[in-house]
Amino acid sequence: MFETLRRAFRLPELRNRILFTLMMFVVIRLGTYIPVPGIDRAAVAQLVGKGGFLGLLDLFSGGGIANFAIFSLSVLPYINASIIIELLGSVIPALEELRKEGGKEGQRKIAKYTRYLTLGLAVIESFGVVAIFRQYLSSTGFFVKLLIVLSLTAGAYIVLWLGEVMTERGIGNGVSLIIFAGIVSRIPVGVAQAFSLTRAKSLSVLGLVGGILGAIVLLLLVLFAYEGERKVPVQYAKRIVGRKVYGGQSTYIPLKLVQAGVLPIIFASTVLMFPATVSQFWSTSWFYVHVAQPLTSSSTLTHNVVFFFLIIFFTYFYTEITYDPTKIADDLKKYGGYVPGVRPGEATALYIKNVLDRIVLPTAVFLAFLAIVPNIAMRNQQISAFAFGGTSLLIIIGVALETVQEIEAYMMMRHYKGFMK
């Protein structure tokens, strides 16, 4: 990876993209330290430090919630909006058609709808944050609450804009990189917390060593899952055009084990956050006490069971909407390709679908266990499981590998000489 980065900095255009991305990281980190007025930030930081729902929010925002900064919501409203648009696309034919056959114009319209929905969700979530921390407000007046809501909403939209600019002018997916930067920024805090607890004998040395070894094992498992793939063999028939013979080569279709990447865990996490955010307006209601709170506390059985099945659902859902076996089979048939021992057309589509199903099930279960095992293992420790958990490792490794692969693809494209010299 370091050799790839060294060679990347030799290309002026790629170097400028990488430096621009790093500059955007600095801007986003500064935004997590610009406080929103009208609230006791010390009391907020103490409450967030207890973990749970607020700890997960703080992780994704890179410490923005603990600092109660203008970027406290980070990209969470956008992620929620993306989930809703994806779900609506499965039940509204017009959206489904726009997504599949709309081309660049269709993608532009879907992006516009997602932005509008992001704005609405940012307002709702800002009101939810005000409701959560209402006892720490310097004043309960309407204008103070309005100022906080406007500040958080504007911050969320600025983060979305920065993410789009990073995608366009930087390297990698901007939204994923923002989440990546937020999680990485919290790791030193978690390490310092673990060592301070060890010195205070609140956390045993054996427990600390076990946590480090567990993180290494999770790291190796994640790397194995990301690099693993199922190769479907493909043979292209020979074609005679004039006096020349074309085709006849053998190749394969690579089906990655982790088709959806980190998105199922992110989607599942944000879905679990939403009930608590909305129900904060009725903090004494039956729904908040018996449903929202158990769902958002990572140490409860309810949270981990629902989290487990949500990850499995979103893994299947995302694979279903991004991988079309029928289209793959039609493309193979169109260009004279076939899977050995399988008839072209519908039989090939069914074969690829069966292979995908066999891949997705164990991968979905693996991702789900990866997300909940740290919650269970660290539930009795006075340290957040988020910074060292499988979710964080999966996001960090997934985004890092995808970004490095994009850099390598960019370098290959720039260094390709072609046939004319």
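**A first walk through the model**

Hi everyone, let's start with the overall make-up: this protein has 17 helices and 5 strands. Please keep in mind that what we are looking at is a predicted model. The protein has 421 residues, and 46% of them count as buried. If we take the contacts with a sequence separation of 6 or more, 73% of them are between residues 24 or more positions apart.

Let's go to the largest pocket. How much space lies in it? About 1,500 Å³. The lining is made of 41 residues, and the closest to the pocket centre are Tyr78, Glu86, Asn173, Leu263 and Tyr318. If you want to find these on your screens, they are good places to begin.

Which helices supply at least two residues each to that lining? Here is the list, from the N terminus onwards: α6 (76-91), α7 (93-101), α8 (103-132), α9 (142-169), α10 (174-199), α12 (263-279), α14 (301-322) and α17 (390-415). As for the chemistry, the lining of this pocket has 19 nonpolar residues, along with 14 polar and 8 charged ones.

Let's stay with α9 for a moment, one of the helices on that list. Helix α2, which covers residues 12-31, packs with α9 at an angle of about 170 degrees, and the two axes are 9 Å apart. Angles over 145 degrees count as roughly antiparallel, so α2 runs roughly antiparallel to α9. On the α2 side, the contact is made by Arg17, Phe20, Thr21, Met24, Phe25, Val27 and Ile28. On the α9 side, the partners are Leu162, Val165, Met166, Glu168 and Arg169. Sorted by class, this contact of α2 with α9 has 8 nonpolar residues, 3 charged and 1 polar.

Now for some backbone detail. As background, most residues other than glycine have a negative phi. With that in mind, please look at the loop between α5 (64-67) and α6, where Phe68 lies. Phe68 is not a glycine, yet its phi is positive, about 45 degrees. Is Phe68 buried or exposed? Phe68 is buried, with a relative accessible area of 1%.

The loop between α5 and α6 also holds Ser74. Ser74 is another residue other than glycine with a positive phi, in this case near 50 degrees. Ser74 counts as buried too, at 6% relative accessibility.

To finish, here are three pairs of residues to pick out in the viewer, with distances taken from C-alpha to C-alpha.

The first pair begins in α17, a helix we have met at the pocket. Ile407 lies in α17 and is buried, with a relative accessible area of 4%. How far apart are Ile407 and Gly172 in space? They are 8.1 Å apart, with their positions 235 residues apart in sequence.

Next comes Asn354, in helix α16, which spans residues 346-377. Asn354 counts as partly exposed, at 33% relative accessibility. Its partner here is Pro325: the two are 29 residues apart in sequence and 9.5 Å apart in space.

Finally, let's visit the strands. Ala237 is found in the loop between β1 (229-236) and β2 (239-241). This alanine is partly exposed, with a relative accessible area of 37%. Ala237 and Gln249 are 12 residues apart in sequence, and in space the distance is 7.7 Å.

That's the tour, from the pocket to the pairs. Thanks for listening, and please do turn the model around for yourselves!

Terms used:
Residues numbered from 1 in each chain as written. Predicted model: local features only at pLDDT ≥ 70, side-chain atom pairs only at ≥ 80, totals over all residues. Heavy atoms only, no water. 1 Å grid on protein atoms, 1.4 Å probe; cavity = no way out; pocket = protein on both sides within 12 Å on 5 of 7 lines; lining within 4 Å. Points joined across faces, edges and corners; volume = space filled by probe spheres on them. Helix = DSSP H or I, 4+ residues; strand = E, 2+ residues; numbered from the N terminus. Nonpolar A, V, L, I, M, F, W, Y, C, P; charged D, E, K, R; others polar. Axes fitted to C-alpha atoms, helices over the stretch in contact; angles between N-to-C directions. Parallel < 35°, antiparallel > 145°, perpendicular 65-115°, else oblique. Contact = heavy atoms within 4.5 Å. Buried < 20%, exposed > 50% of the residue type's maximum accessible area, 1.4 Å probe, protein only.
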